[in-house]
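Biologist: I am new to this structure and should be grateful for a close look at a single part. Please describe the salt bridges in detail.

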Amino acid sequence: MNLKSNEPFWLLKNGLITSYPSLKANEECEVLIIGGGITGSLIAHQMVEDGYHTILIDKREISNGSTSATTSMLQYEIDIPLFELIDKIGEKGAIRSYEACSRAIDTISQISQRIKSDAGFTRKKSLYFASKKKDVQWLTKEFEARKKAGFKVKWLSAEQISDQFGIENTYGGILSAQGGSIDAFRFAHELLMYNAKKGLKIFDKTEMLKVEYHKGFNIAVMDSGFQIKAKKIIYCIGYESKNLLKENFVNLKSTYAIVSEIENDPSGNLDNLLVWNTDDPYLYMRTTDDGRLLVGGGDEDFYGAEKRDILLDKKEKEIIKALKKIKPDYHFYTDFVWAGTFGETEDGLPYIGEHKKFRNSYFVLGFGGNGITFSVTGMEMSSLFMQNKKHPLSRYFKFGR
């Protein structure tokens, strides 16, 4: 194809999977979900499964926000190392957070089978390697913390990493048994199509302008003037929550990614592996289900889409240079280049829970490299919220923590 584009690879690869109408009349439901990306689609799946009359809306085409730009690496590892997270929030909360992300990968596997997904879910191991000699000391500490917590991990020397995966110029690293990858854009569409057959109503190009709060229900007013009356509202709006919530709880970042042309043997022996390193910002890579190598990194503070996209050419060169260091004999032929925006929290954890200024409402905001796996945990937490029950992780993921 030999096409470079600032449009996300998944969006172009999949095309227009399905189309939904905008809201053209007043509606009423038990649960209104704001946001039609991977998070919203997962929460909608849970609400329908729990038997609630559910409506989902999105101001864009479905999944054309962050979900179209995600690299869809499914990791149990949180951006904050386990040993550091233990220091921040305590051993119980840190280990439970890591365990929740690990279980989430299993849950995605189960859902994929249940809905007969074609989104290419694949189980993979995860390699987290030291890119600098000075990083070995703390990465070894991280290895011991994960091992003690019961995660299936091995320490590989630089020679073992080279022999097994053809990755050079490392200083050893952690090989985890648990990991996976998927096409999150297609998976989100599949979830919505599956649940639409079970009664889920979906409206895109429908933007909520304000909410009127009443005892026991809310009325969401749309840009069209139509309204949706809902007993509960669940916000699944990711980094755009910055426009809704005034407190400074998340920092916005831009990340850059490139995808190679289709190769018969694109990366030697990386097909069943997720790779990331200890650089700050870190380099990450995975293969796709259609035989490409996806590599990303070069994160920057987000100052707007225009400034973000100006850096595309520069970031492509930076990423290829970093790739060349660890895969010196691999020739990367760029097919797609794009940038995405995501949120980064101080402790690497999501914000999932109620907010004192939003009655009858719940937020599922999965940030960082674990946005998708956090969203799966959000399914269980949302289900308990609807029953007026608390989840064991609520205290760690709450606002104002």
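Modeller: What follows is an account of the salt bridges and of the places their partners occupy.

The model is a predicted one, in which local features need pLDDT of at least 70 and side-chain atom pairs count only at pLDDT 80 or more, while totals for chains, interfaces and linings use all residues. Residues are numbered from 1 along each chain as its sequence is written, and side-chain values use heavy atoms, with hydrogens and water left out.

Side chains of opposite charge can pair when their charged atoms come close. The structure holds 22 salt bridges (a salt bridge is a side-chain nitrogen of Lys or Arg within 4 Å of a carboxyl oxygen of Asp or Glu). Three of them are described here in turn.

One salt bridge joins the side chains of Asp289 and Lys13, at 3.8 Å from N to O. Because Asp289 lies in the loop between β15 (284-287) and β16 (293-301) and Lys13 in helix α1 (residues 9-14), this pair ties together parts that are 276 residues apart in sequence. Helices (H or I, at least four residues) and strands (E, at least two) are DSSP runs, numbered from the N terminus. Asp289 is partly exposed, with a relative accessible area of 45%, and Lys13 is also partly exposed, at 32%. On this scale, buried means under 20% relative accessible area, exposed over 50%, and partly exposed in between, with a 1.4 Å probe and protein chains only.

A second salt bridge is formed by the side chains of Arg114 and Glu49, at 2.9 Å from N to O. This pair links distant parts of the chain, with Arg114 in helix α4 and Glu49 in helix α2 (residues 38-49), 65 residues apart. Helix α4 itself covers residues 91-114. Arg114 has a relative accessibility of 39% and so counts as partly exposed; Glu49, at 48%, is likewise partly exposed.

In a third salt bridge, the closest N and O atoms of Glu61 and Lys205 are 3.4 Å apart. Here, too, distant parts of the chain are linked: Glu61 is in the loop between β2 (54-57) and β3 (73-74), and Lys205 is in the loop between β9 (201-203) and β10 (208-214), 144 residues apart. Glu61 is partly exposed, with a relative accessible area of 27%, and Lys205 counts as partly exposed at 41%.

Finally, salt bridges that share partners join Lys13, Asp183 and Asp289 into one network.
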